[in-house]
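Pull up the model and have a look at how its helices pack. Here's a quick briefing to read alongside it.

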Amino acid sequence: GRLEHVLGNLEASEALLVEGRAALLESLGPRHHVVASVRGLYGHLLLELGRLDEAEAEIRSALEIFIENQPEEHPDIAQTKIRLSRVLIARDRLDEADALLRESAPAMAKAKGEHDSGALEARIARAEWYRARLETETAARIVEQVRSHIDAESERDRPLWRATDALLASIRR
């Protein structure tokens, strides 16, 4: 399911993630960290599809499970908070999103490094936050920095690339 998402095959990704989530729930139970991983991936996909209610529910569920199973500084928790912040930004809940980003972006950078895809997604989330506040120049500057890094490192994480495309299109309107 993750591979299909990366490749942009969103319908196939959804079918596989739903199937995988059901199988994992049956075999591992609802509070297993692997179930949380799949729920988080599915929430990320739902965010990209614009299905914000479902995305928020999946991501919040994943976050609860990760918090139960992982140490506070684990990158899975930071990554999930970053994705939740993106949902909140899309829902115009900017104060909540800002609080999550202030906490999770530095944690992700510390855990994985400034140029990890999770840290780059945090920067995209911050750009989305600035765009939502109509601070388009700041948003565009952040997006260009992220895109430059993705290009320079040949690390075209396609969901991140699609997110930067969408941001730039919305800023240039």
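What follows covers two helix pairs and one serine.

This is a predicted model, where local features need pLDDT of at least 70, side-chain atom pairs count only at pLDDT 80 or more, and totals for chains, interfaces and linings use all residues. Residues are numbered from 1 along each chain as its sequence is written, and side-chain values use heavy atoms, with hydrogens and water left out.

**α5 and α6**
- Helix α5 (residues 75-90) and helix α6 (residues 94-112) cross at roughly 150 degrees, and their axes (lines fitted to C-alpha atoms over the stretch in contact, with angles from 0 to 180 degrees between N-to-C directions) come within 8 Å.
- The two are therefore roughly antiparallel (over 145 degrees) to each other.
- Residues in contact (heavy atoms within 4.5 Å) include Leu84 and Leu88 of α5, plus Leu100 and Ala107 of α6.
- By class, that contact has 13 nonpolar, 3 polar and 4 charged residues, with Gly counted among the polar ones.

**α6 and α7**
- α6 also packs on helix α7 (residues 117-132), at about 155 degrees with axes 9 Å apart.
- That makes this pair roughly antiparallel too.
- Among the residues that meet are Leu101 and Met108 in α6, and Ala122 and Trp129 in α7.
- This contact divides into 11 nonpolar, 1 polar and 3 charged residues.

**Ser61**
- Ser61 sits in helix α4 (residues 52-69).
- Ser61 is buried (under 20% relative accessible area, 1.4 Å probe, protein chains only), at 12%.
- Its side chain makes a polar contact (N or O atoms within 3.5 Å, one able to donate a hydrogen and the other to accept it) with the side chain of Arg39, at 3.3 Å.

Definitions and conventions:
Helix = DSSP H or I, 4+ residues; strand = E, 2+ residues; numbered from the N terminus. Parallel < 35°, antiparallel > 145°, perpendicular 65-115°, else oblique. Buried < 20%, exposed > 50% of the residue type's maximum accessible area, 1.4 Å probe, protein only.
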